[in-house]
Amino acid sequence: MADNQAIIQINGLTKKYGEKAAVNQLNLSVARGEVFGLLGPNGAGKTTTTLMLLGLTEPNGGTAFIDGKDCTRNPIEVKRIVGYLPDNVGFYPDMTGRENLRFTGRLNGVGEHELEERIDQLLERVGMTAAADQKTATYSKGMKQRLGIADVLMKDPQVIILDEPTNGIDPEGMHELLLLIRELADKDKRTIMISSHQLYQIQQVCDRVGIFVQGNLIACGRIEELGKQILKDGYYRLEMKAEPEDERLRELIRGVYGVEEIGDGPEGMIIRSNQDIREQISRIVVLNGYKLLHLRQCGQDLDEIYRRYFEKAGQNNGDNRNKKKIRKIMSLGRQDGE
Ligand SMILES: Nc1ncnc2c1ncn2[C@@H]1O[C@H](COP(=O)(O)OP(=O)(O)OP(=O)(O)O)[C@@H](O)[C@H]1O
């Protein structure tokens, strides 16, 4: 990706709380029309990064630009082109979906003559026309999320930051939401940044992902590239099912050169090794009279990649004060979804 295509450009961005760096020397560019996933466990620094991008907290070092605008020096200009959707969207519960959108439209200076048409188009786009005149207190989580996207689109942002957009949504709602996110990037050429723990969904919708651990971006790229990288680093996982799965079989497998660890997974045995041992394993299983039912090399999906990077980083030291701060400022004082 050429840098001149980047709409988000972050260089050496650092935020410290006391001695501790919540975000440490972050370098990242995100292209126009790209869907980028920001992944990491609680406390990794995702929300702090979002805060800095929205100009809601000042970095201790480095720069962040969105569409050439300095997020620290020109937060108002940045807010004009960036939409933020919190994980728990808040709306005025006693107002209908349509009324909530009208409120946002007026606040964002949408002229009265185009407001109603715009509201209708957005409701249609997010599939909420039928429920538009119900009070939002009656909405499900997925409906609120869809109305939240319409709300964000009201100001026609070039960049949309979504915080855990798929949390608590049923499979069908999820599918629709992912399609909509893709469409916002592919058709409208908006840039989407998704902060999430939900790897499976992220995998389906993101062009690239960045993995954060303790304030550091430790891996960044297309999912296939990261998958190849971990294989190059000598991290292989095989999933195998054979019958009978007895102690002798485990002993035989333990004896294969390269095997580092054997565990149990939902689909059978999980074998960790430092090289590709598929051939040796299938041979040893069959030659010793076992029936090989299933053998699969894991390692190319995001779950695997994430596991690899987080194996040793099982920390969970997040707190929610940053998220609350963003919600309060960006939701224009409406009721919080919590
Ligand atoms: N206002 C603050 N004062 C002190 N430390 C803070 C503050 N806000 C965040 N931190 C710390 O900075 C680190 C990064 O927090 P951040 O909220 O950015 O993580 P996160 O990746 O968004 O986590 P989560 O997924 O739980 O939202 C954590 O260690 C957190 O405790």
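Biologist: How many bridges join S1 to strand S4, and which way do the two run?

Modeller: There are 5 bridges between S1 and S4 (residues 61–66), and the strands run antiparallel. Keep in mind that this is a predicted model.

Biologist: Which residue in S4 is the bridge partner of Asn11?

Modeller: Thr63 is the partner of Asn11.

Biologist: And what joins S1 to S2?

Modeller: S1 covers residues 6–17 and S2 covers residues 20–31. They run antiparallel, joined by 8 bridges. One pairing to look at is Leu13 with Leu26 in S2.

Biologist: What happens at the turn of that hairpin?

Modeller: The hairpin has 2 residues between the strands. Gly18 takes a positive phi there, near 65°.

Biologist: Where else is there a positive phi, on a residue that is not a glycine?

Modeller: Try Lys189, with a phi of about 60°. Lys189 sits in the loop between helix H6 (171–186) and strand S8 (191–196). For background, most residues other than glycine have a negative phi.

Biologist: Peptide bonds next. Which residues does a cis bond join?

Modeller: Glu243 and Pro244, with omega about -10°. Pro244 lies in the loop that links strand S11 (236–243) and helix H9 (247–254).

Biologist: Switching to the sheet with S6 in it. What is the strand order?

Modeller: The order is S6-S7-S8-S3-S9-S10. That is an open sheet of 6 strands with mixed pairing.

Biologist: Which strands are at the edges?

Modeller: S6 (82–85) and S10 (216–221). Each of these pairs on one side only. From one strand to the next, the twist averages 15°.

Biologist: How does S9 meet S10?

Modeller: Antiparallel, through 5 bridges, with S9 at residues 208–213. Within that pair, Ile211 has Ala219 of S10 as its bridge partner.

Biologist: Now helices. How do the axes of H3 and H5 cross?

Modeller: At roughly 25°, and the axes come within 9 Å. H3 is residues 97–107 and H5 is residues 141–153.

Biologist: Why is H3 called roughly parallel to H5 rather than oblique?

Modeller: Because the crossing angle is under 35 degrees, H3 counts as roughly parallel to H5. The crossing is right-handed.

Biologist: Which residues make the contact?

Modeller: From H3, Gly97, Asn100, Leu101 and Thr104. From H5, Leu147, Ala150 and Asp151. By class, that gives 3 nonpolar, 3 polar and 1 charged.

Biologist: What about H3 and H4?

Modeller: H4 is residues 112–125. The axes of H3 and H4 come within 10 Å and cross at roughly 125°. That angle makes H3 oblique to H4. This crossing is right-handed.

Biologist: And which residues form that contact?

Modeller: On H3, Arg98, Leu101, Arg102 and Gly105. On H4, Leu115, Arg118, Ile119, Leu122 and Leu123. The split is 5 nonpolar, 1 polar and 3 charged.

Biologist: Last topic. What does the UniProt annotation cover?

Modeller: Residues 8–239, labelled "domain: ABC transporter" in an unreviewed entry. That label comes from the record.

Biologist: How much helix and strand is there over residues 8–239?

Modeller: The chain is 37% helix and 28% strand there. The end C-alpha atoms of that stretch are 39 Å apart.

Key: Residues are numbered from 1 along each chain as its sequence is written. This is a predicted model: local features need pLDDT of at least 70, side-chain atom pairs count only at pLDDT 80 or more; totals for chains, interfaces and linings use all residues. UniProt positions are given in the numbering used here, feature names are shortened, and annotations may be inferred rather than shown by experiment. Helices (H or I, at least four residues) and strands (E, at least two) are DSSP runs, numbered from the N terminus. Two strands pair if DSSP finds at least two bridges between them. Axes are lines fitted to C-alpha atoms, for helices over the stretch in contact, and angles run from 0 to 180 degrees between N-to-C directions. Angles under 35 degrees count as roughly parallel, over 145 as roughly antiparallel, 65 to 115 as roughly perpendicular and the rest as oblique. A crossing is left-handed if the near helix is turned anticlockwise from the far one by less than a right angle, and right-handed if clockwise. Two residues are in contact if their C-beta atoms, placed from the backbone, lie within 7 Å. Ala, Val, Leu, Ile, Met, Phe, Trp, Tyr, Cys and Pro count as nonpolar, Asp, Glu, Lys and Arg as charged, and the others, Gly among them, as polar.
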